[in-house]
Every structure is written in C-alpha cells, then in structure tokens.
Amino acid sequence: MKKLLLFSATLMLTVLFIGCKGKKTDPSINADYVDDMKEVLCLEETPMIEEQPVNPMEDIDRSVYMVYTGTIGDKGATLCWAPWNNRTEEDKANGICGYLAMDENPRLRYTLREVSDEPHIEGYNTVVIDILQGEEKKAVLEGTIEGRGDGFYGTVTFEGTGEKKEFSLMQQY
C-alpha cells in the first residue's frame, strides 16, 4: 500500500513537471500583470509631491511647555521649556526642563537639562541649560528668559570646540 501511494505521488509530480516545462508565458499576460500590480500597490508613474515640512513640536502640550522659536547661532530652532511648577516629579529629579529641535533636522529632539535657574526681582530668570543628545552633552545655553516679555536670549557654547554663538528665541502663543 505504501509503495502504491509513493508511486502515484511520484507519477503525479512527473506529469506536472513535464506539463509545465515547455510552456512560455505570453508577453501580453506579463504586461497585464504589471499593470494590475501597479493598481494593487497604488504605484504611480507621476512624480510624488514633496512632503510637507515636519512640525517638530506639534505634539507638545502647551499647557506644560513655553514654546520659543528663533535662531541658535545661524540655524533656526524651536525650544520648549517647562517652568518648574509644570515639570513632572521625574523631570524635576533629573533636572529635565524641556526639548530642543533644530529646523534642519526637526525629527531629532535634544533634551534640555537645567543646571541653574536664578529668578530676579526685575522679572527675568538667568538660566544655564545643558543640551543633551542621549546622555552626551552637546552644548550649553547661558541666557535670560524674560518673565515680563517674550524673549529668551544669550550665548550657546558648543562642546568639543568651545565655540560660542548667540541665540535669540521668541515665545510662541
């Protein structure tokens, strides 16, 4: 019985192999197949429209963060800074005070770690903030956040090179 089943299976495979071996596909069938696949995969032969610019901070909660835009050095930037009373307990413990995104690469967010924040009676805060990529410090912001105005300005010192540049950011509402 086993021999008969084995023989019949071998015979069927041989017939299928011999039957398909000499056949070639018609070129019109291939063209139709390609068109069908383009339709199924939604492929277009016309060039696609370029993507809209990415807003790096569109998911930031504005009830927690103050959003500033402007320039750091000669590059555009968006900075989100959380006042002390708006920070989570975990952020307070780690000194995390916000995020920074550069216009040239808006999907990359740098973490801001506050080194010092000194309020002044005249209505501004003098701050020193480390800019981190992961755990690595990339730069240090030293500046003034106006409490009775909308500005955040000062100097940025880049790690490694020691190069200093000015930054100027305005609060966005």
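This is a short walk through one protein model, from its overall layout to its largest pocket, its salt bridges and a few single residues.

Thank you all for coming. Please keep in mind throughout that what we are looking at is a predicted model, and that the numbers I quote are computed from it.

Let me begin with the layout. The protein is built from 3 helices and 8 strands, and if we follow these elements from the N terminus on, their order reads α-α-β-β-α-β-β-β-β-β-β. There are 173 residues in the protein, and 27% of them are buried. The accessible surface comes to about 12600 Å², with 57% of that area belonging to carbon and sulfur atoms. As for how the chain meets itself, if we take the contacts between residues at least 6 apart in sequence, 31% of them join residues at least 24 apart.

Next, the largest pocket. Its volume is about 300 Å³, and 17 residues line it, of which Lys75, Met102, Glu104, Tyr110 and Phe158 are the closest to its centre. Which elements give two or more residues to this lining? They are strand 3, covering residues 96-102, strand 4, covering 105-119, strand 6, covering 136-146, and strand 7, covering 151-158. Strand 4 provides the largest share of the lining, with 3 residues. Sorted by character, the lining holds 9 nonpolar, 2 polar and 6 charged residues.

That brings me to charge more generally. Side chains of opposite charge can pair when their charged atoms come close. In this model the count comes to 9 salt bridges, and I would like to take you through three of them.

The pair I will start with lies within a helix. Lys92 forms a salt bridge with Glu89, and the closest N and O atoms are 3.8 Å apart. How are these two residues placed relative to each other in helix 3? The helix spans residues 89-94, and because Lys92 and Glu89 are 3 residues apart in it, about one helical turn separates them. Their surroundings can be described too: Lys92 counts as partly exposed, at 22% relative accessibility, whereas Glu89, with a relative accessible area of 59%, is exposed.

The other two pairs both involve Lys137. In one of them, the side chains of Asp130 and Lys137 meet in a salt bridge, at 3.9 Å from N to O. Is Asp130 buried or exposed? Its relative accessible area is 8%, so Asp130 is buried, while Lys137, at 34%, is partly exposed. In the other pair, Lys137 forms a salt bridge with Glu159, and here the closest N and O atoms are 3.9 Å apart. This pair links distant parts of the chain, since Lys137 sits in strand 6 and Glu159 sits 22 residues away in the loop between strand 7 and strand 8, the latter covering residues 164-172. Glu159 is partly exposed, with a relative accessible area of 38%. Through shared partners, salt bridges join Arg113, Asp130, Lys137 and Glu159 into one network.

To finish, I would like to point out three single residues, which you may want to find in the structure as I speak.

Let us turn to Leu100, which has its place in strand 3 and counts as buried, at 2% relative accessibility. Its C-alpha atom is separated by 5.8 Å from that of Thr78, although the two residues are 22 residues apart along the chain.

Thr78 appears again with Leu169, a residue of strand 8 that is buried at 1% relative accessibility. Leu169 and Thr78 are 91 residues apart in sequence, and their C-alpha atoms are 8.0 Å apart in space. Leaving aside neighbours within four places in sequence, the contacts of Leu169 include Tyr68, Gly70, Ala77, Leu79, Asp150 and Phe152.

The remaining residue is Glu118, which lies in strand 4 and is partly exposed, with a relative accessible area of 45%. Which residues does Glu118 contact, once its neighbours within four places in sequence are left aside? They are Tyr124, Asn125 and Thr126. Between the C-alpha atoms of Glu118 and Thr144, which are 26 residues apart along the chain, the separation is 9.5 Å.

That is where I will stop, and I am glad to go back to any of these places with you.

Terms used. Residues numbered from 1 in each chain as written. Predicted model: local features only at pLDDT ≥ 70, side-chain atom pairs only at ≥ 80, totals over all residues. Heavy atoms only, no water. 1 Å grid on protein atoms, 1.4 Å probe; cavity = no way out; pocket = protein on both sides within 12 Å on 5 of 7 lines; lining within 4 Å. Points joined across faces, edges and corners; volume = space filled by probe spheres on them. Helix = DSSP H or I, 4+ residues; strand = E, 2+ residues; numbered from the N terminus. Nonpolar A, V, L, I, M, F, W, Y, C, P; charged D, E, K, R; others polar. Salt bridge = Lys/Arg side-chain N within 4 Å of Asp/Glu carboxyl O. Buried < 20%, exposed > 50% of the residue type's maximum accessible area, 1.4 Å probe, protein only. Contact = heavy atoms within 4.5 Å. Areas by Shrake-Rupley, 256 points an atom, 1.4 Å probe, with all protein chains shown as cover.
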